[in-house]
Amino acid sequence: MKTVPSNASGTAGVRPGSAAQHDRRRRILDATIALATEGGFEAVQMRTVADTADVALGTLYRYFPSKVHLLVSALGRELEGADRRTALQALAGATAHERVVHVLGRTTRLLQTQPRLTEALVRAFMFADASVGAEIDEVSTRLTSMISRAISGSPDHGEVIEEQTVIVRVIADLWLSALVGWVAGRTAAKDVEKSIDVAVGLLLP
């Protein structure tokens, strides 16, 4: 499984500035998620996304240069929602280990309720190369935010020391690898959380 870079670089599409651009990007990602939820990776075709989002095909390509850019961005948005919930809701667990397992377990279960969508998002992440660096970095940012908040037990992350920063990245990579195993059919759904529990227990005793 690729290591999630902390400062990736690559060729990204348009970064929205105006309200109209934000709305256009939202519609594109809404269409992508809807299509992937219904039909998985193969259902997400650039022309179909453009038609569903009511944007010109050329406009879609200016925002997202490829299908992989599009789906990895959608993964980032899905994790953005999970990250937001950890900032607004009390985190269950008396220890860092318990809180991290709770947050990642809740996110895992949510993704597993939408298997075709999750398969599409994870497959795209696996296919991503350096040109998708900005989108991968967004995924990394959301994951590290969630995990750091769980470790500290504080909505603003509290004090996460340098050693913990490394641990956060390792946990993020382990979680993504576990999702890949589930998508590929190598790991049962219930075993994803179990493997994360064991791994986090070793990193955060």
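Which residues does UniProt list for "DNA-binding region"? The unreviewed entry gives residues 45-64, and in this predicted model that stretch is 75% helix and 0% strand. Here is a quick tour of that region, the surroundings of Phe41, and helix H5.

**The annotated region**
- From one end of residues 45-64 to the other, the C-alpha atoms are 12 Å apart.

**Phe41 and its partners**
- The count of aromatic pairs in the model comes to one.
- That pair is Phe41 with Phe127, arranged edge-to-face, with 5.7 Å centre to centre and 80 degrees between the planes.
- The two rings link distant parts of the chain, 86 residues apart: Phe41 sits in the loop between helix H1 (19-39) and helix H2 (46-53), while Phe127 belongs to helix H6 (residues 115-127).
- Phe41 has a relative accessible area of 9%, so it counts as buried, because the cut-off is under 20%.
- Phe127, at 46% relative accessibility, is partly exposed.
- Phe41 also has charged company: the charged end of Lys67 sits over its ring, 3.9 Å from the centre.
- Arg123 lies over the face of Phe41 as well, at 4.1 Å from the ring centre.

**Helix H5**
- Helix H5 covers residues 96-112, and its 17 residues should span 24 Å at 1.5 Å a residue.
- The end C-alpha atoms of H5 are indeed 24 Å apart, which agrees with that expectation.
- The buried residues of H5 include Ala96, Val100, Val101, Val103, Leu104 and Leu111.
- Also among the buried residues of this helix are Arg99, Gly105, Thr107, Thr108 and Gln112.

Technical notes. Residues are numbered from 1 along each chain as its sequence is written. This is a predicted model: local features need pLDDT of at least 70, side-chain atom pairs count only at pLDDT 80 or more; totals for chains, interfaces and linings use all residues. Side-chain values use heavy atoms; hydrogens and water are left out. Helices (H or I, at least four residues) and strands (E, at least two) are DSSP runs, numbered from the N terminus. The expected span of a helix is 1.5 Å times one less than its number of residues. Buried means under 20% relative accessible area, exposed over 50%, partly exposed in between (1.4 Å probe, protein chains only). Rings of Phe, Tyr and Trp (its six-membered ring) pair if their centres lie within 6.5 Å; planes under 30 degrees apart count as stacked, over 60 as edge-to-face and the rest as tilted. A charge sits over a ring if NZ of Lys or CZ of Arg is within 6 Å of the ring centre and within 35 degrees of the ring normal. UniProt positions are given in the numbering used here, feature names are shortened, and annotations may be inferred rather than shown by experiment.
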